Amino acid sequence: MATKNTSDATFESDVLQGDKVTIVDFWATWCSPCRLIAPVLDEIARDHADKLDIYKLDIDANPEITASKGITSVPTLHVYQGGELVKVLTGAQAKPKLLRELEPFLG
């Protein structure tokens, strides 16, 4: 898998201190749309590994970050650049639409 896992304990070093654009996929094991988007995110992570990192955060296993980021539905994607939240995407999206949304960060 090209996506990586992050947690309450590693979120700051993985996401906020990263040197690339970082996408966090807030997901849950019981979430069907989360399972649908997972392979798409893995493809994007693999295809654009030079420009971005994609981390997955299980909301049930990591309640601290989930609460602090105000996550109320999954899947939710947060895009961070230079440690700052710059874009939020909610819901499962097809790969072409997701790539369009992420285009400013892939160029």
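Which residues does Pro 75 touch, not counting residues up to four places away in sequence? Keep that question in mind while loading the structure, which is a predicted model, and begin the tour at this proline.

**Stop 1: Pro 75 and Val 74**

Select Pro 75, which you will find in the loop between α3 (63-68) and β4. Its relative accessibility is 2%, and Pro 75 therefore counts as buried. Now show what surrounds it: with residues up to four places away in sequence set aside, Pro 75 touches Asp 25, Phe 26, Cys 31, Pro 33, Cys 34, Ile 37, Leu 89, Thr 90, Gly 91 and Ala 92. If you draw a C-alpha to C-alpha distance from Pro 75 to Phe 26, you should read 5.6 Å, although the two are 49 residues apart in sequence.

Next select Val 74, which is also placed in the loop between α3 and β4 and is buried, with a relative accessible area of 16%. Beyond residues up to four places away in sequence, Val 74 touches Phe 26, Trp 27, Ala 28, Trp 30, Cys 31, Cys 34 and Ile 59. Between the C-alpha atoms of Val 74 and Ala 28 there are 7.1 Å in space and 46 residues along the chain.

While Trp 27 is on the screen, add Lys 56, which lies over the face of Trp 27 at 4.9 Å from the ring centre.

**Stop 2: helix α2**

Select residues 32-47, which make up helix α2; its 16 residues reach 24 Å from the first C-alpha to the last, close to the 22 Å expected at 1.5 Å a residue. Look along the helix to Ala 38, where α2 bends by about 30°, and notice that a proline, Pro 39, follows within four residues. Then colour the buried residues of α2, namely Cys 34, Ile 37, Ala 38, Val 40, Leu 41, Asp 42, Ile 44 and Ala 45. These buried residues pack against β2 (21-27), β3 (52-58), β4 and α4 (95-106).

**Stop 3: the nonpolar cores**

Select Ile 23, Ile 54, Leu 77, Leu 98 and Leu 102, which are the residues with the most contacts inside the largest nonpolar core, a set of 16 residues. At least two residues of this core come from each of β2, α2, β3, β4 and α4, and α2 gives the most, with five. Centre the view on Ile 23 and, leaving aside its neighbours within four places in sequence, you will find it in contact with Leu 52, Asp 53, Ile 54, Tyr 55, Leu 77, His 78, Val 79 and Leu 102. A second, separate core has 15 residues, including Ala 28, Cys 31, Cys 34 and Ile 59.

**Stop 4: Gln 93**

Move to Gln 93, in the loop between β5 (84-90) and α4. Gln 93 is buried, with a relative accessible area of 13%, and its contacts, apart from neighbours within four places in sequence, are with Ile 37, Leu 98 and Glu 101.

**Stop 5: an aromatic pair**

Finish with the one aromatic pair that a search of the whole structure finds. Select Phe 11 and Tyr 80, whose ring centres are 6.0 Å apart and whose planes stand at 80°, so the pair is edge-to-face. Phe 11 belongs to helix α1 (residues 11-16) and Tyr 80 to strand β4 (residues 76-81), so the pair ties together parts that are 69 residues apart in sequence. Phe 11 and Tyr 80 are both buried.

How values were computed. Residues are numbered from 1 along each chain as its sequence is written. This is a predicted model: local features need pLDDT of at least 70, side-chain atom pairs count only at pLDDT 80 or more; totals for chains, interfaces and linings use all residues. Side-chain values use heavy atoms; hydrogens and water are left out. Rings of Phe, Tyr and Trp (its six-membered ring) pair if their centres lie within 6.5 Å; planes under 30 degrees apart count as stacked, over 60 as edge-to-face and the rest as tilted. Buried means under 20% relative accessible area, exposed over 50%, partly exposed in between (1.4 Å probe, protein chains only). A charge sits over a ring if NZ of Lys or CZ of Arg is within 6 Å of the ring centre and within 35 degrees of the ring normal. The expected span of a helix is 1.5 Å times one less than its number of residues. The bend at a residue is the angle between axes fitted to the seven residues ending there and the seven starting there. Contact means heavy atoms within 4.5 Å. A nonpolar core is a set of buried Ala, Val, Leu, Ile, Met, Phe, Trp, Tyr and Cys residues joined through side-chain atoms within 4.5 Å.
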